[in-house]
Amino acid sequence: MTPAAASEQAAALMVAPDPAFILRPVRDRDGTAVELQYAYLNEAEVRLLGRPPESVLGHGLCELFPSVRELGIFDAYVNALGSASPISFEVQSFRENGVEGSFRLTASRLSDDAVLVTARDITEQREAELALAETTWEYRLVAENASDVVARATPDRKLTWVSPTVTRTLGWEPAELVGTEMADLVHPDDRPALDTLRETVYAGQRISLPAGGFVCRMRTKSGDYRWMSGGATPVTDESGAYVGVVASMKDVDDLVHAQHAAQADRATLRATVDSLLDPHVLLTAVRDETGRIVDFTCADANPAASEHIGVSQQELLGTRLLDLAPGEFTSSIVDSFRRVVETGVPIVLDDEVYPHYLLGVPRRYDIRAARVGDGLSYNWRDVTDRHAAAEQLAESQERYRLLAENASDVVFMTGPDRRTVWIAPPVTRVLGWSPEELVGTKMIDLLRPETAAELEPRLRRFFSSPNTEPCDTRVVEMRTKSGDYRWLSGSGHALTSPEGTLLGVVFGLSDVTDVVRARDRLQATLDTEFDPHVLLEAVRDDAGRVVDFVYVEANPAACEYNGLTHDALVGARVLDLLPGLRDAGMFRLYEHLVRTGKPMRMNDLPYKYELKGGEERRFDLQAVQLGDGMSYTWRDVTDRYDTAQALAASEEQHRLLTENLSDVVMHLRGGVIVWVTPSVTTALGWALQDVVGHELIEFVVPDDRREADQRRALLPGATERFRVRVRAKDGTDHWVQVHAKPFYGQDGEPDGVVNSFRIIDREVAVEAELEQRASSDELTGLMNRREVLERLELMTGHKSRSGQAAAVLFCDIDGFKTINDKYGHSAGDDVLQTVASRVNACLRSTDLAARFGGDELLILLDGVHELANALDIAENIRRAVAKPIPSDDKTVTATLSVGVTLALPGESVDDMIARADEAMYEAKQAGGDRVIPRMASAT
């Protein structure tokens, strides 16, 4: 390599943004390369190694990085010493001696004793790579010399004579070639060009080197090819007629190979510069008569520079910088370049804003410039897209941070060793642990030991062979920082490399503690029922017809009645246990219920129950549709069938748990929604454009807006949790649990409020149902005994308004046992329900009525002026109840005996009720169907 070429190459490498270095081999006695020593480092390589050049130059590659032998890097560099083409390859996840990352390495032979290596960090820019263009050989042969081989051919291109020198040059005997075409010996790649020249000769024109001759590879007798050069002259007779061609050729194989070797260094340099992805130009200083630099001319430019500037390479060469882009800005660049030439201090700038030559708009660049002679080598890289991507990434990360920090789900990521590497802040709200306390631990350690032991095999299989299916963690109890446990449910999704290697697992867990507790309360209610209760699911054939039912759940009473364990009953088919249902017509009724949704209620039904030995027994039955099945309750009334009491409608059992709790998270400024997660569509049906830009209060049910405004007024100083109803797009209202807190931007300044909420319609319904069941009588809908006593205690404990008092009415249905005995308990139930309805119709909104016993009612009248007012109400009730009551195909008449008394200040509830009971008993003794008052004693 010439000194000038070496200087140009060193300058180009010095300012190149990618690391580059030159290695020289250390060979043993046999000439084998046993080590590669650093001979040159550019600035980028020095920064990558993180050490001064003097601690690297002269040291061996394997000495500094032993693993390069194992990774095959050393062998690749050695192979490059003997390769005419650069060797490129990638090294993934390299970590040694302070150097860490993934690199695209390109090794190019400079000579037998030097290899140039460039390294591009592809950790972030994976697809970028340096590619050296294939070497293009320019043929510049010496002047035409005497030919070694002479041959003559006829107009049909057949050889008629070949000089004996062909044997020495190509190994063929002349006789072996006579009658053949010389073109048959030419290398296939060289034939198209030779054919063109041959057509010229056969047209009568002479060709010769250097202007029109040919250089090609010709096949020797041994099968090899040698480079030959020569020319051809058409032959004519005395009349000028064309009679053939004489060609002369000489062996230039050694010369061509020598020229190729001589051009290798320059070709490598040219290829290195031209293959750079970044623009590069070589500028020469232009000086005035005083020697001051006033401009720069372009001495060289690679294709990337030509493309970026929008001017061809030929046009760029010799162009002045100020002519290319005149203006104040370019003048400032010239001043910067002048300082580089005068001081020798290179330019190293990153993410600088400059106007584009053609677009005229600001763009961002990384810039490198270093002095070369009386000029400089200049590289730049357009990083505008990188800067924009970084800004977009920051914005995206802000969104994800907003979502992760405000969703109610606990989201965390583990490594392949199952240890937590990241966990979202909501874990503190749910479990009390800070993220820092859990990073590095295994989340399975927070489970109850028995649950962890059950879950461990499934997790082990998932981590050893991850696939695209999520790992369902089911519903588990997880320990909080305070030592309590909360129920969580969710799943995990594997993160794998393109090669299928497990990189980690992301888990999402939802807090379902309230749901589980509500479910347990419902289950406990069912389990304490005296009557058997089962859930049945339809079994359908291929045509969709119901052919059987299967038990999916059963309470203890059902298991005990059937004489089967829970495991034996659940999963069994109904017709396998009770085949007589089909003949009895019951199966048809079951199928009709599932098809129409119409509840089924039957009393005093006779059936030969197979699980009771086929004995005929009598049942009250009640069933309601539940999904593609039914909720089914029965009561064996064989021993007391004349006193049967139908069950009230069985409650429908819901599945409260879901695999994932999908929350809606939104960012508000001044009450206006500026961003919301797409889950708002799934939860409420609103599209994002329907919500963003609107005030949140618009979607709150009007009756709940005051509550929402009061809660919002408490922000931004505190976190608020409350319930309100919101309206879905279809017009339905839903209860939601809201978690609201102030939101702070990356600068730490308040930036509105973050709300996250989830729909809790089921929880609210369950709570209301439980409250209703706890305070009311199931048959009549009136208050039960416990509830009315509590209300009476509160009512009489309050100070009455002046001139007003509270009255107690104790009522008993006359002859109720006779009604049951004569008409049956079904009629008795109808009487109780009708009496309760008529009593309620006679009461004021402030009055209370309760079923106190079997056929006893207790009525509380609040705010009566005197006993006479209470007696008037009691008489109205008595008259209303005495009207005939229709029941099935008959009419029943019921009357009431009523005892009335006024509550005294400070009097106990028991004394008050006892006095009213005495008055009622007196009414009974007097024949019933009457009202008797009783005043307190004068004590």
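Arg 635 is buried, with a relative accessible area of 13%; buried here means under 20% relative accessible area, exposed over 50%, and partly exposed in between (1.4 Å probe, protein chains only). Asp 531 also counts as buried, at 11% relative accessibility. This is a predicted model, in which local features need pLDDT of at least 70 and side-chain atom pairs count only at pLDDT 80 or more, while totals for chains, interfaces and linings use all residues. Residues are numbered from 1 along each chain as its sequence is written, and side-chain values use heavy atoms, with hydrogens and water left out.

**Salt bridges**

Side chains of opposite charge can pair when their charged atoms come close. A salt bridge is a side-chain nitrogen of Lys or Arg within 4 Å of a carboxyl oxygen of Asp or Glu. The whole structure holds 46 salt bridges, among them the pairs in this table.

| Pair | Closest N to O |
|---|---|
| Arg 635 and Asp 531 | 2.9 Å |
| Asp 777 and Arg 851 | 3.4 Å |
| Asp 351 and Arg 364 | 3.6 Å |

Helices (H or I, at least four residues) and strands (E, at least two) are DSSP runs, numbered from the N terminus. Arg 635 lies in strand β25 (residues 629-636) and Asp 531 in the loop between α18 (513-527) and β21 (533-540), so their salt bridge ties together parts that are 104 residues apart in sequence.

Asp 777 and Arg 851 form a salt bridge and link distant parts of the chain: Asp 777 is in the loop between α27 (761-775) and α28 (785-797), and Arg 851 is in strand β32 (residues 848-851), 74 residues apart. Both Asp 777 and Arg 851 are buried.

Asp 351 pairs with Arg 364, joining strand β13 (residues 347-355) to strand β14 (residues 362-372), with their positions 13 residues apart in sequence. Asp 351 is partly exposed at 28% relative accessibility, and Arg 364 is partly exposed at 24%. Elsewhere, Asp 18, Arg 120, Asp 278 and Arg 381 are linked in a network of salt bridges.

**Nonpolar cores**

A nonpolar core is a set of buried Ala, Val, Leu, Ile, Met, Phe, Trp, Tyr and Cys residues joined through side-chain atoms within 4.5 Å. The largest nonpolar core has 33 residues, of which Leu 809, Val 839, Ile 859, Leu 861 and Ile 877 touch the most other members. Elements that give two or more residues to this core include β31 (805-814), α30 (825-842) and β33 (856-864). The most comes from α31, with six residues.

Apart from neighbours within four places in sequence, Val 839 is in contact (heavy atoms within 4.5 Å) with Ala 849, Leu 857, Ile 859, Ile 877 and Val 881. A second, separate core of 32 residues includes Leu 569, Met 586, Tyr 590 and Phe 619.

**A strand pair**

In strand β28 (residues 720-727) the side chains alternate. Glu 720, Phe 722, Val 724 and Val 726 point to one face and are buried, whereas Arg 721, Arg 723, Arg 725 and Arg 727 point to the other and are not. Strand β28 runs antiparallel to strand β29 (residues 733-744), and eight bridges join them; two strands pair if DSSP finds at least two bridges between them. His 739 in β29 is the bridge partner of Arg 721. Five residues lie between the strands of this hairpin, where Gly 731 takes a positive phi near 90°.
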